[in-house]
Amino acid sequence: MGNIDVLSKQFMSDNEIFADAFNFLLYGGKQKIKPEDLSPLDTNSISVEINDTKVYSTVQKNRDVFKILSAKKTDKVGLLILGVENQAKIHYAMPVRTMLYDSLQYASQVDLISKKNRKSKKCSNSDEFLSSFTRKDRLIPVITLVVYFGSLNWDGATNIKDMFIDVDESVAKYLPNYHINLISPKLSDSELSKLKSELGVVMQFIKNSSDKNRLLKSLEKNKRLQKVSNISATLIKETTGLNLKISKEKEFIDMNKGVKELLDDTKKEGKKEGKLSAFYDMIKQGLITLDQAANSLGISTKQLLADFKECNLVL
């Protein structure tokens, strides 16, 4: 799990991958957000001072990947704060978690603006002086995206209302809702094709990893799956459990070759297990001894016992 956390943060921190994820979310895959328009923000902590009758406290939370978008749009500069939360497992309280992250960021912005206003004595009346936030002050929108690297269907809540106990309809309509934005491998192939970076490749591998033959067919059909960067290949290996052979020295990995080798190894392993099972049955039936079986297989008795144990065959 630790390896996946580190790898997914490194992977999603790449501006090209990050921009692609939000182009998918916001623009249906149209490449409107440019990697060069993204700048990193501090992910170590989000802190906000809460001023209530001169009592101050600090709330801190760590984010996975956090960036600010500064994109020119006609004669304006568009600003967005974008965050990614990577999940290798389903988080069943994710709507609350992402709501907290976003709320803390908004509160932090209010606190920063208020401090500047107090310093510059910008507040013009007693109402503005109350919060030190003026009628014309504005916040930068915050969008959090959950990227799920697991192979299961995300069956957790995707909005906070799904987490509430049953309430009367007359009450429910007054309850505020909060949705999570989610990218997961279980999206349709047509949806995943809108991801233009290697994020789409990683998602496709995770989606098909449970069936190696289906995975090989998808590789043969889709050329962009066949050659991926080292970090993408390593992330695929860690998230899927596929025993791929990845050289640290190579910048790009031939996934077509890797999966074929994996299939060949699986077939060889299957033949070996079948042969061991046959000798195991003969030993159990008293047709041959353990030593005779070992001699027939060309291995030591100790190795044969170890192989039986590996295949869960207990004498």
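**A working chat about a predicted model**

Mentor: Before you start, note that the secondary structure of the protein comes to 12 helices and 7 strands, and that what we have in front of us is a predicted model.

Trainee: OK, so what does the pLDDT average for the protein?

Mentor: The average pLDDT is 84, and 86% of the residues reach a score of at least 70.

Trainee: And where is confidence lowest, and where is it highest?

Mentor: Confidence is lowest in helix α10, residues 255–284, where the mean is 65, whereas strand β5, residues 181–183, has the highest value, at 98. Over residues 50–56 the pLDDT is below 50, and in the model this stretch has 6 contacts beyond near neighbours in sequence.

Trainee: Switching to the whole chain, how many residues are there, and what share counts as buried?

Mentor: The protein has 315 residues, of which 38% count as buried. About 19000 Å² is exposed, with carbon and sulfur atoms supplying 51% of that area.

Trainee: What share of the contacts is between residues 24 or more positions apart?

Mentor: Taking the contacts with a separation of 6 or more, residues 24 or more positions apart account for 59% of them.

Trainee: Now helix α7: how many of its residues are buried?

Mentor: Helix α7, which runs over residues 198–208, is mostly covered, with 11 of its 11 residues buried. Among them are Glu198 and Lys207, along with Leu199, Val201, Met203, Phe205 and Ile206.

Trainee: Glu128 caught my eye too. Which helix is it in?

Mentor: Glu128 sits in helix α4, residues 126–131.

Trainee: Is Glu128 buried or exposed, and what is the nearest side chain of opposite charge?

Mentor: Glu128 is buried, yet it has no salt bridge, and the nearest side chain of opposite charge is that of Arg135, 5.2 Å away. That distance of 5.2 Å has to be set against the salt-bridge cut-off, which is within 4 Å.

Trainee: Then what does the Glu128 side chain reach?

Mentor: The side chain of Glu128 reaches the backbone nitrogen of Ser124, at 3.0 Å. If you leave aside neighbours within four places in sequence, Glu128 is in contact with Lys122, Cys123, Phe133, Thr134 and Arg135.

Trainee: Last one, Gly241: where does it lie, and is it buried or exposed?

Mentor: Gly241 lies in the loop between α9 (230–240) and β7 (252–254). Gly241 counts as exposed because its relative accessible area is 61%, and the cut-off for exposed is over 50%.

Trainee: How far is Gly241 from Ser209?

Mentor: In sequence the two are 32 residues apart, while in space Gly241 and Ser209 are 8.4 Å apart, C-alpha to C-alpha.

How values were computed: Residues numbered from 1 in each chain as written. Predicted model: local features only at pLDDT ≥ 70, side-chain atom pairs only at ≥ 80, totals over all residues. Heavy atoms only, no water. pLDDT = per-residue confidence, 0-100. Helix = DSSP H or I, 4+ residues; strand = E, 2+ residues; numbered from the N terminus. Contact = heavy atoms within 4.5 Å. Buried < 20%, exposed > 50% of the residue type's maximum accessible area, 1.4 Å probe, protein only. Lys, Arg positive; Asp, Glu negative; His and termini not counted. Polar contact = N/O pair within 3.5 Å; in protein donor to acceptor, adjacent residues only side chain to side chain. Areas by Shrake-Rupley, 256 points an atom, 1.4 Å probe, with all protein chains shown as cover.
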